[in-house]
Every structure is written in C-alpha cells, then in structure tokens.
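Work through the exercises below with the sequence and the model open. Each task is followed by a solution in steps.

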Amino acid sequence: MPLSTRIFKKRSGKIYKKSEKAVTQVENSSPNVQQTCAKERKIPNIDDSFSAENTGKVVLNSIIDVNILAGVFKNFVNCKNCNSGLELQVLKSTSGLAVSFILNCFQCEYIHEFSSSEFHGGTQITNVNTRYVYALRSIGKGAEACLMFCAVMNLPRPPTRFQEYNKRLLNATRAVCESTMQKAAKEAIVENNSDNNIAVAVDGTWQKRGYTSHNGVVTVTSMDTGKVIDVDVLNKYCACKNKKNHDTSCKSNFRGSSGMMEVKGACNIFKRSLTFHNARYTKYLGDGDSKAFEAIAKENIYGDEFQVEKLECIGHLMKCMGERLRRLKEKMKGQVLSDGKRLSGKKSFD
C-alpha cells in the first residue's frame, strides 16, 4: 500500500482545547461536579478537612509523635463521664503502619479502643498500608526500601506481604485505566463530528533499549484530543518451572523478538477497537520505519470498505535526518569541500 503524502507531527507537551460540543457533553454527563483544577481535587483544604461542620470524609494522613498526642489527651481532653483526664495507650501493631490505641480514664472505668486507619470494607487490610505500598511502587521502590524508611522514621514495622496489596492496586489501576480510556475514546469521537472512524497515533516502548527487553507496551493516542484510548502490554518472560505447560498465573503473552512486540500490540489494539470503543482507527500516525502498519494493512482488519491510511510523522523524519547529518558531519570532519569550505561552513579558504 503506498504511503500517504500527508505529513503530521506527533503532539507532545501541548494543551489540547476541546470543542464546545465535547465540553458540553462532558458537563452534561456530570452536572453536579464542581469546576475545579486538578490540584484542588487531589489536595484537600486542611481547614475544611478538620472543620466540625464538614460532614464529608476527606482522607488526610499525617505523621505525629505519639507522646505529643498522649499529652493532649491527658491535659486537654476530659472524660465524658467524670470529666477527668484520659490516658492514651498504644497496643502492639499487628497491621503494619496501622496502630491501635486505647483511651483509659484516670478516675472511672471508661475505655475506648480505636485504630489509626480505616479498613477496606469486609477485610483486615488498612488504607494506610495500601497507600504506603502504592507510594513506594510509584517511585520504583520495594519491600527493602519500605523497611529502611520505617526504621529511620521510627514508624511501626510495615506490611511484609506486598503481594496482596499489589493485587488490589493492580485491580484498581486496571479499572480506572479502562474507565478513563473509554471516556477518552468517546471524547475523540465527539471531536471527530461524532464519526467513529478516528485518527490515532501508534507507538511502542520497551523496558530497556537494544531490543532485548522482556516487557513492551504499545499505546494508541487520539490525534484530536491527545489522550490515550488503548494500551497493550506484552511480556515474554516466563517464570514457570514447566515451560511446556504454563501455570494459570503465567504473565507471558508473547513469543518472538522484542522488536516485534510493537507489531503484535498494534494488531491486538486495532482488532478490538470495535468491541472496546465501537470505533475504527482509519488513520494511522506512526514511525516511518515501523513494521506495525504493514502488518495492519496486510490483515485488512476493517475490510475493504474501511482501509487504514498511513500518515507520516514529521517528528520521526526530523529525528532520522538529524542523526544522518550528524554522522556525515563527524565523518567529514576536517575535510575541505570543492568550494573551499568545511562541511560546517564556518571557515572558508582563498
């Protein structure tokens, strides 16, 4: 299939303005949502969080010296039965960073036990432990870094079984990912005048360079909104003891060279576009040297009626040309051309 003469550049680092139609549709879908910035939605106002009039729950965690907290209960908080001071005792932590406290009255038999963190519904997994594991995973750290941090900060011993938290985080992340991609795809269709034949940018990335990586990810981004509408994760590493009969928990889903992950992932995404988003990716923007478009065109995924058009990425062309020009300049370094100048043109000769 001949390449298109149309030239496009991948969008990066830009803010995409939504059309009035897309904005109206998003506002109508959630009329009760206040128009606030992302920072205001993520970081609660501390004054509002601790206000007595605020009935809503706001998650706000803080590290506090338990001795200071015990002094506050003893000197400034009175028992509701006899109006005397309260003693704060700390039980041995058996739930990671979550600590159980007991309030005892100095005079009467009043006693109250509470935890420093809430639990997930119907489980013994605390919110603070889940958030802690999530924070460490977000910065690329694991159990050893967790132990070191808690030891230095004089915190309770952290949770030792990371796997159960990883599973919960994976399920939550997958649910949010699918929901946001569905929303992004609908927005892209609206931007395209409600036509479900949309233009996308396809690109692959690997865990490390050199085409020896065991893990690769292929992403499809809407060219109208700049938002990711689908991803495909490929892994060719198998940890099963029996390589012929793989375990049900085996994460390996690809066989072949690492370079072919982009081809396989792009084909998978295009094949499920109608099922996942009820949309066709009829315009393909990708690297000029990628084999993914050739594979998609060969499989004729959408039939003869909807042929996929190839759009050239000017950013990739500039990159390839720049690399070749820099190699030529290094090769011709010190040589004088027929016009008496060097390749850089900075110095001429009579």
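**Exercise 1. State how many aromatic pairs this predicted model holds, then classify the pair of Phe-270 and Tyr-302 and place it along the chain.**

Step 1. The structure holds 6 aromatic pairs.

Step 2. For Phe-270 and Tyr-302, the ring centres are 6.4 Å apart and the planes make an angle of 35°. Planes under 30 degrees apart count as stacked and those over 60 as edge-to-face, with the rest tilted. The pair of Phe-270 and Tyr-302 is therefore tilted.

Step 3. Phe-270 belongs to helix H8 (residues 261-271), whereas Tyr-302 is in the loop between helix H10 (292-299) and strand E9 (309-313). The two residues are 32 residues apart, and their pair links distant parts of the chain.

Step 4. Both Phe-270 and Tyr-302 are buried.

**Exercise 2. Classify the pair of Tyr-284 and Phe-293, and decide whether each residue is buried or exposed.**

Step 1. The centres of the two rings, Tyr-284 and Phe-293, lie 5.4 Å apart, with 50° between the planes, and the pair is tilted.

Step 2. Buried means under 20% relative accessible area. Tyr-284 has 0% relative accessibility, so Tyr-284 counts as buried. Phe-293 is at 4% and therefore also counts as buried.

Step 3. Ring pairs join Tyr-284 and Phe-293 with Phe-270, Tyr-281 and Tyr-302 in a cluster.

**Exercise 3. Find the ring over which the charged end of Arg-280 sits.**

The ring is that of Phe-306, and the charged end of Arg-280 is 3.9 Å from its centre.

**Exercise 4. Describe the surroundings of Val-133.**

Step 1. Val-133 is part of helix H5 (residues 127-138).

Step 2. Its relative accessibility is 0%, which is why Val-133 counts as buried.

Step 3. Leaving aside residues up to four places away in sequence, Val-133 touches Pro-159, Phe-162, Tyr-165, Asn-166 and Leu-169.

Step 4. Val-133 and Leu-169 are 36 residues apart along the chain, and their C-alpha atoms are separated by 8.8 Å.

**Exercise 5. Which residues form a nonpolar patch on the surface with Leu-343, and where does Leu-343 lie?**

Step 1. The partners of Leu-343 in the patch are Met-321, Leu-325, Leu-328 and Leu-337. Together the patch residues have about 440 Å² of accessible area.

Step 2. Leu-343 lies in the segment after helix H11 (314-331).

Step 3. Leu-343 has 35% relative accessibility and so counts as partly exposed. Patch residues need over 30% relative accessible area, a cut-off that this value passes.

How values were computed
Residues are numbered from 1 along each chain as its sequence is written. This is a predicted model: local features need pLDDT of at least 70, side-chain atom pairs count only at pLDDT 80 or more; totals for chains, interfaces and linings use all residues. Side-chain values use heavy atoms; hydrogens and water are left out. Patches are made of residues with over 30% relative accessible area and no salt bridge: like charges are joined within 9 Å, nonpolar side chains (Val, Leu, Ile, Met, Phe, Trp, Tyr) within 5 Å. Accessible areas come from the Shrake-Rupley method with a 1.4 Å probe; for residues, only the protein chains shown count as cover. A salt bridge is a side-chain nitrogen of Lys or Arg within 4 Å of a carboxyl oxygen of Asp or Glu. Helices (H or I, at least four residues) and strands (E, at least two) are DSSP runs, numbered from the N terminus. Buried means under 20% relative accessible area, exposed over 50%, partly exposed in between (1.4 Å probe, protein chains only). Rings of Phe, Tyr and Trp (its six-membered ring) pair if their centres lie within 6.5 Å; planes under 30 degrees apart count as stacked, over 60 as edge-to-face and the rest as tilted. A charge sits over a ring if NZ of Lys or CZ of Arg is within 6 Å of the ring centre and within 35 degrees of the ring normal. Contact means heavy atoms within 4.5 Å.
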